[in-house]
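Hi,

Here is the structure I promised to pass on to you. Please open it alongside this email, and my notes on what turned up follow just below.

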There are 2 protein chains.
Amino acid sequence: MSTTAHTLRPQARGLPAQMLTELAARFGANFSAAMAVREHHGRDESPFPVTPPEAVVFAESNEDVVDAVRLCRRHRVPLIPFGAGSSVEGQLLAVQGGLSLDVSRMNRILEVRVEDLTATVQAGVTRKQLNEALKDSGLFFPIDPGADASLGGMSATRASGTNAVRYGTMRENVVGLAVVDADGDLLRPFNRAKKSSAGYDLTRLFVGSEGTLGVITEVTVRLYPVPEAMSAAVCCFDSLQDAVDTVIRTIQLGVPVARCEYLCPQTIRTINAYSKTTLREAHSLFFEFHGTESGAREQAQTVEAIAAEHRGQGFEWASRPEDRTRLWNARHTALFAGLASRPGARAIITDTCVPISRLAECITGARTILDKTSSPTSIAGHVGDGNFHCGILVDPGDPDEIALAERLNEEIVRLALSMEGTCSGEHGIGLHKIAFLREEAGDKGVELMRRVKRALDPDGIFNPGKIFAA
Amino acid sequence: MSTTAHTLRPQARGLPAQMLTELAARFGANFSAAMAVREHHGRDESPFPVTPPEAVVFAESNEDVVDAVRLCRRHRVPLIPFGAGSSVEGQLLAVQGGLSLDVSRMNRILEVRVEDLTATVQAGVTRKQLNEALKDSGLFFPIDPGADASLGGMSATRASGTNAVRYGTMRENVVGLAVVDADGDLLRPFNRAKKSSAGYDLTRLFVGSEGTLGVITEVTVRLYPVPEAMSAAVCCFDSLQDAVDTVIRTIQLGVPVARCEYLCPQTIRTINAYSKTTLREAHSLFFEFHGTESGAREQAQTVEAIAAEHRGQGFEWASRPEDRTRLWNARHTALFAGLASRPGARAIITDTCVPISRLAECITGARTILDKTSSPTSIAGHVGDGNFHCGILVDPGDPDEIALAERLNEEIVRLALSMEGTCSGEHGIGLHKIAFLREEAGDKGVELMRRVKRALDPDGIFNPGKIFAA
């Protein structure tokens with residue numbers, strides 16, 4: 001499957017003429033069939049070739065979404081929801097043509113409820129935009145997948161990132177969704193309570209559905225108080241096992257670390273070259289601690305002691321904001337540093353997540369697998385959750401190099417599955433992992449998902465060809 | 001709807017003779033059609049009349065469950081999964097006859113993984129049994145719904161309880177489920193990773209499905225390190241508003257309280273009479289703090305300061321285990337104390353949960369509603385989550401009293417729904433709240449749930465008449 005995705009070509013069936021007329025009449029300037037607009041909507045951050053939709057509608061309201069869905073349903077035309085365009089598994093590619101429904105202009109923050117620690121936003125609002133709006137509220141939204149993704153897209157891929165070890169993923173942090181279903185009906189969240197046992201958890205069904213069950217138009221998320229104190233720390237290890245054992249022990253002791261990231265020596269080398277830093281090229285753990293002044297200090301001291309027991313070196317603790325920023329900038333530049341090390345390259349990125357007891361073994365195995373290619377490779381991960389990413393920098397013009405990278409990706413996925421892990425910790429299935437999902441969930445698991453898909457989207461208009469094979 | 005449940009009578013269609021023969025042949029002594037066994041399986045902790053199934057099978061293995069499901073499917077006979085029998089909304093009543101499948105003998109703890117902080121148990125294992133087995137591991141399972149429920153049942157009702165304010169509900173704490181579906185296929189958890197974005201979240205779909213989508217046979221749950229220090233505190237308030245404002249401020253400041261319970265003055269009075277205690281008969285908050293020694297102390301001090309700002313009185317902090325137990329015993333006896341105050345009575349218990357900003361208003365409104373009956377009433381709740389229970393003690397032989405109590409329950413549900421709350425915070429829908437679910441989720445919301453039900457259980461064999469009207 002994965003190699004297929006690199007050779008996909010748009011299917012130019014063309015939208016029905018009647019539908020084009022109706023789209024133009026209904027959406028005016030918010031409708032476009034211009035090639036530049038279509039091409040922009042036929043890509044994401046995956047390394048796959050551009051696969052443009054046949055037209056694009058920019059929705060500005062729930063009513064726009066309702067009408068677009070009804071048109072697509074009536075004409076049996078695929079509809080692909082589009083947010084910030086930052087997904088990485090080919091979720092946005094129009095492999096069966098159809099309409100891209102861009103919700104990025106639905107970018108209003110509808111309500112912040114300080115007492116309830118919730119915010120309701122339109123689906124196109126990005127996480128940075130939300131946090132900017134929360135600046136003076138004493139609250140923040142912690143989920144940080146790296147990219148400045150939209151909240152709708154983050155819900156649709158069940159995103160997480162560096163803070164999930166403490167604050168959870170979108171699974172835990174979506175309170176409710178407004179969704180337009182295949183009938184073109186707008187469903188509102190049933191309630192705004194923090195918990196509910198009222199019927200099936202449709203919210204959790206739409207979280208992670210990657211646009212295949214409906215269009216998310218509004219998202220209510222949990223917010224958290226900005227901690228009184230935040231500090232960061234970095235620590236180096238000669239062995240991967242010692243680094244991971246430090247993480248396991250930290251989690252086992254219940255230290256509520258806010259971030260816990262691993263970077264491999266190769267990644268550190270790339271960062272040093274890119275950022276002119278002088279970090280030691282070793283297995284490195286980056287931590288962030290949130291709490292009261294004394295609580296955050298206590299966490300750092302506990303982790304320092306654990307790291308020392310596991311031969312950690314050069315534990316550096318930064319409680320001043322500027323020092324903290326300096327440390328985390330290094331972590332955040334990892335991807336850009338990698339790409340800069342090979343101009344013109346694109347990254348094929350794995351996304352496995354394993355039970356933490358198997359993490360050292362899995363990362364060690366992944367390194368052995370990665371060493372089979374001469375392409376530059378790196379390993380970094382949200383190790384507190386058992387989730388890590390291998391990056392393989394490939395020349396997009398070299399099919400052999402891409403094919404090898406995809407074979408290594410497959411090997412790493414199989415290794416993780418053999419350890420009761422998942423093929424996707426946080427990026428979703430998209431086009432890229434359809435075959436892996438079947439290996440992980442089994443024929444029957446996928447069949448149950450398909451039954452749900454058919455029950456909620458009987459004509460298969462929503463993002464066809466994703467999660468399931470066409 | 002709610003009054004109907006009190007007048008339900010078993011439908012004695014009788015199982016097909018051929019099926020009885022097959023059940024006896026397959027299950028031998030683990031099959032029973034004796035009235036005493038049937039009656040035991042036709043009730044739960046709800047106040048509804050016993051509605052027995054037509055036969056009972058005691059499953060001892062996944063294979064037993066598979067075969068029982070296949071038999072029921074073949075003969076189109078309802079199957080009702082039965083765990084500890086502690087549900088409270090009529091989930092276990094055989095309103096369409098059929099077979100009760102008792103999994104309480106599936107009570108083996110299959111695996112505890114200390115490094116991964118997970119345990120896998122058979123569905124009949126109870127939470128106390130699990131914690132007993134964890135005693136020397138340094139870990140514990142926090143979800144505490146009061147009753148010593150089975151983990152299968154707790155998953156099926158999306159249970160929570162006193163610790164949810166810190167540790168979450170079954171929604172957050174089920175890592176994976178083994179389920180026998182309507183085809184009689186056993187589905188294993190796809191992975192054991194802490195997070196995953198691999199396809200639809202079938203686990204979350206089965207959590208809270210109340211036996212209507214399949215039979216849960218094994219549950220993998222998250223465990224937590226036993227905190228270094230635990231302490232408790234109690235504090236009284238003259239006004240409900242002050243008590244709730246103390247809770248809101250505590251949550252807003254991010255104090256990670258492990259428990260945060262409200263008891264109304266009436267409840268305290270009942271407890272004093274039952275337990276010979278001398279607690280002040282006021283609006284009372286009970287807290288529990290988990291953390292390091294200094295962390296738990298700091299939490300208690302912060303809450304004490306917040307309570308003082310809101311005119312809290314007599315803040316009593318207990319860090320010694322025996323003092324902590326004494327305080328919490330008072331909270332835990334609330335239900336028994338209530339029932340003891342009116343011998344022979346049964347309790348009709350509401351289960352609304354509202355956004356915390358509306359909590360004081362909702363509890364105040366509920367008190368006004370409760371004052372319309374002369375039956376003894378009480379209010380207690382997991383207020384850190386916005387969830388509270390009103391108890392109305394009724395004479396089970398007095399239909400007028402029951403009808404009035406149900407009308408008040410309806411009024412309280414409508415009040416909560418008007419505040420964007422839910423009709424069920426943690427007890428589920430069962431028989432009792434079918435009409436309320438429709439008010440809360442709307443016709444279309446219920447219709448989507450029904451489509452999922454039909455997709456996964458096309459012949460409707462699993463616990464028919466629950467969640468949805470027959």
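Let me begin with a salt bridge across the two chains: Arg192(B) pairs with Glu420(A), and their closest N and O atoms are 3.4 Å apart. Please keep in mind that this is a predicted model. If you want to find Glu420(A) on screen, look in the loop between helix 16 (399–418) and helix 17 of chain A. Its backbone may catch your eye too, since Glu420(A) has a phi near 65°, a positive value in a residue other than glycine. Is Glu420(A) buried or exposed? Neither label fits: the relative accessible area of Glu420(A) is 28%, so this residue counts as partly exposed.

That pair is part of a longer list. Between chain A and chain B the count is 18 salt bridges, and there are 50 residue pairs in polar contact, with both residues at pLDDT 80 or more. On the side of chain A that touches chain B, the elements giving two or more residues are helix 7 (164–167), helix 8 (170–173), helix 9 (202–206), helix 10 (240–252), helix 12 (293–309) and helix 17 (434–456). Which of these gives the most? Helix 17 of chain A does, with 12 residues. By type, the residues on this side of chain A split into 31 nonpolar, 27 polar and 23 charged.

Now for the contact as a whole. Chain A puts in 81 residues and chain B puts in 81 residues. About 6,700 Å² is buried between the two chains, with carbon and sulfur atoms giving 54% of that area. In chain A, the residues that lose the most area to chain B are Lys195(A), Ser197(A) and Tyr200(A), which together make up 14% of what that side buries.

Another residue to look at is Asp385(A), in the loop between strand 17 (377–382) and strand 18 (387–394) of chain A. Its relative accessibility is 4%, so Asp385(A) counts as buried, the cut-off being under 20%. The side chain of Asp385(A) makes a polar contact of 2.8 Å with the side chain of Lys194(B). Leaving aside residues up to four places away in sequence, Asp385(A) touches residues of both chains: Ala164(A), Val165(A), Cys353(A) and Val354(A), along with Lys194(B) and Lys195(B).

One last backbone note, from chain B: Arg76(B) has a positive phi of about 55° although it is not a glycine. You will find Arg76(B) in the loop between helix 4 (62–75) and strand 3 (79–82) of chain B.

Best wishes

How values were computed
Residues are numbered from 1 along each chain as its sequence is written. Chains are lettered from A and ligands numbered from 1 in the order in which they are written. This is a predicted model: local features need pLDDT of at least 70, side-chain atom pairs count only at pLDDT 80 or more; totals for chains, interfaces and linings use all residues. Side-chain values use heavy atoms; hydrogens and water are left out. Contact means heavy atoms within 4.5 Å. Buried area is the accessible area (1.4 Å probe) that two parts lose on being put together, summed over both. A salt bridge is a side-chain nitrogen of Lys or Arg within 4 Å of a carboxyl oxygen of Asp or Glu. A polar contact is a pair of N or O atoms within 3.5 Å; within protein, one must be able to donate a hydrogen and the other to accept it, and residues adjacent in sequence count only if both atoms are side-chain atoms. Helices (H or I, at least four residues) and strands (E, at least two) are DSSP runs, numbered from the N terminus. Ala, Val, Leu, Ile, Met, Phe, Trp, Tyr, Cys and Pro count as nonpolar, Asp, Glu, Lys and Arg as charged, and the others, Gly among them, as polar. Buried means under 20% relative accessible area, exposed over 50%, partly exposed in between (1.4 Å probe, protein chains only).
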